[in-house]
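Reader: I'm new to this one, so could you walk me through it with a few questions and answers?

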Amino acid sequence: MATSDHDYYELLGVARDADDQEIKRAFRKLARKLHPDVSEESDAEVRFREISEAYEVLANPETRQLYDRYGHAGLRSGGFTPRHFDLGDIGDLFSAFFGDDLFGGGGRGGAARGGDVAAEIAIELVDAARGTTATVPIQVAVQCATCGGEGVQPGTHVSTCPRCGGSGRLQQVARSIFGEFIRTSSCPQCGGTGRVVEHPCETCGGAGRTLDERTLEVDIPAGIHDGQRIRLSGEGHAGALGGRSGDLYVLVRVQPDERFVREGNDIFSQVDLTIVQAALGASVTVPTLDGDVDLSFDPGVQPGAVQVLRGRGMPVLQGFGRGDHRVLVNVTVPRRLSDEQRRLLEEFERLSDAGTYDEADEGFISKLRSAFR
Ligand SMILES: [Zn+2]
Ligand SMILES: [Zn+2]
């Protein structure tokens, strides 16, 4: 059973539509602040458990969906039980979650994970509807070919760090409200590598990495929304000393299309009918995501009427089906009339009465529909 009755989004301080990265970032920030080993606050442990639980639920699409729809009660009836982390293991758990160290030091033995790389691409709405492939140019740090990522000029000597004895880590006894514990930190003298390089590699200056220009083909799934990110695992910067590479995050901007307005998976567009087309009925070509289609409008169609093209909206991202396309009728009124047009309209007005305009002949259902319009 869930232990927290607080709102999980509020606990993490994120919006309800926050994406995975935002949730992860928020949790990571709070965890660093609230972990009982580092926080002086008396309720740190309780709060730490709460944010861990919130993160556990929101990081998993299944439990997040359950929680979004039915709240805490939904999780309970769905059988969700938060893992009660042993706080002593949280550092390892953190590495498992985030691939780095809770307290920000280098990885053990100096093998640090490479940084993430961000890139941005812009695609058209119609391409977002079909799914597409985009070419993304990026600059990434790659393992240095001269030293194989070791940062050492080949054939030269490397000595063991005298301060940490080669482990890369320093241990200190620290006191907290939970008693004494041993805090491990990265050795400042060797930066966690455990060794002192006397002759750094001349190609990379000892960094073990050099910059490389790359172009990646990125598959953009159909239905993607503006502002979503695609993660390409391991395509970021190379890690130091054999650490694994970071990830590439591609921010996808979906360009606005002047013909369509997107709302979620639905598409809205407007069709202009002249007063004569609206009065007599008309067949008109309208653009859709799949190309032009002919739509027919009944005689007497009113401004504000909506014709729904079921399943012609955006595809559901990583799901099935498509949203709808709603075509809104606008009726355009002549702004300039010739003498003859004016005469004909005056004649038309003379022949009209209330019955020309009332809805008496419309069926019950269409009346009902107008009422809800
Ligand atoms: Zn090198
Ligand atoms: Zn050291």
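Author: Happy to. One term first: a nonpolar core is a set of buried Ala, Val, Leu, Ile, Met, Phe, Trp, Tyr and Cys residues joined through side-chain atoms within 4.5 Å. Keep in mind, too, that this is a predicted model.

Reader: With that term in hand, how many residues does the largest nonpolar core have?

Author: Its residues with the most contacts inside the core include Ile121, Ile123, Ile138 and Val252. Ile220, Ile224 and Leu289 belong to that group as well. In total, the number of residues in the largest nonpolar core is 26.

Reader: Which element gives the most to this core?

Author: The elements that give two or more residues to it are strand 1 (117-123), helix 6 (125-130), strand 2 (132-143), strand 7 (209-220) and strand 9 (248-254). With five residues, the one that gives the most is strand 2.

Reader: How many residues are in the second, separate core?

Author: Look for Phe27, Leu30, Leu34 and Val57, which are among its members. This separate core has a residue count of 20.

Reader: Back to Leu289: which residues does Leu289 touch, leaving out those up to four places away in sequence?

Author: Among them are Leu125, Val126, Ala129 and Arg130. Further along the chain, Leu289 also touches Phe260, Ile267, Arg312 and Gly313. The list is completed by Met314 and Arg322.

Reader: What about the metals? Which residues coordinate the zinc ion (ligand 2)?

Author: The donors sit at 2.2 to 2.3 Å, and each one is an SG atom. Along the chain they follow the spacing C-x2-C-x22-C-x2-C. The residues are Cys161, Cys164, Cys187 and Cys190.

Reader: How far apart in sequence are the parts that Cys161 and Cys190 tie together?

Author: Both Cys161 and Cys190 are buried. Cys161 lies in the loop between strand 3 (158-160) and strand 4 (169-176), while Cys190 lies in the loop between strand 5 (179-186) and strand 6 (195-197). The pair therefore ties together parts whose separation in sequence is 29 residues.

Reader: What geometry does the site of the zinc ion (ligand 2) have?

Author: Four donors count as tetrahedral if all angles lie between 85 and 135 degrees. Here the angles among the four donor atoms run from 100 to 115°, so by that cut-off the site is tetrahedral.

Reader: And what is the spacing of the donor residues of the zinc ion (ligand 1)?

Author: Cys144, Cys147, Cys201 and Cys204 coordinate this ion through SG atoms at 2.3 Å. Its site is tetrahedral, with angles of 102 to 114° among the four donor atoms. In sequence, the donor residues are spaced C-x2-C-x53-C-x2-C.

Reader: Is Cys147 buried or exposed?

Author: Residues under 20% relative accessible area count as buried. Cys144 has a relative accessible area of 1%, so it falls under that cut-off. Cys147 has a relative accessible area of 10%, so it is likewise buried.

Reader: Which residues form one aromatic cluster?

Author: Start with a tilted aromatic pair made by Tyr8 and Tyr67, 4.6 Å centre to centre with 40° between the planes. Tyr8 lies in helix 1 (residues 8-12) and Tyr67 in helix 4 (residues 61-77), so the pair ties together parts that are 59 residues apart in sequence. Tyr8 and Tyr67 are both buried. The cluster is formed by Tyr8, Tyr9 and Tyr67.

Reader: Where does Gln318 lie, and is Gln318 buried or exposed?

Author: Gln318 is not a glycine, yet it has a positive phi of about 50°. You'll find Gln318 in the loop between strand 14 (306-309) and strand 15 (325-332). Its relative accessibility is 74%, and over 50% counts as exposed, so Gln318 is exposed.

Reader: Which residues does Pro287 touch, not counting those up to four places away in sequence?

Author: Pro287 is found in strand 12 (residues 282-288). With a relative accessible area of 24%, Pro287 is partly exposed. The residues it touches are Arg259, Phe260, Asp292 and His325.

Reader: Last one: what share of the residues of the protein chain count as buried?

Author: The protein chain has 10 helices and 15 strands. It exposes about 22,000 Å², with carbon and sulfur atoms supplying 48% of that. Of its 373 residues, the share that count as buried is 35%.

Notes:
Residues numbered from 1 in each chain as written. Chains lettered and ligands numbered in written order. Predicted model: local features only at pLDDT ≥ 70, side-chain atom pairs only at ≥ 80, totals over all residues. Heavy atoms only, no water. Buried < 20%, exposed > 50% of the residue type's maximum accessible area, 1.4 Å probe, protein only. Helix = DSSP H or I, 4+ residues; strand = E, 2+ residues; numbered from the N terminus. Contact = heavy atoms within 4.5 Å. Donors = N, O, S within 2.8 Å, 3.2 Å for Na, K, Ca; no water. Tetrahedral: all angles 85-135°; square planar, octahedral: opposite > 155°, others 65-115°. Areas by Shrake-Rupley, 256 points an atom, 1.4 Å probe, with all protein chains shown as cover. Phe/Tyr/Trp six-rings, centres within 6.5 Å; stacked < 30°, edge-to-face > 60°.
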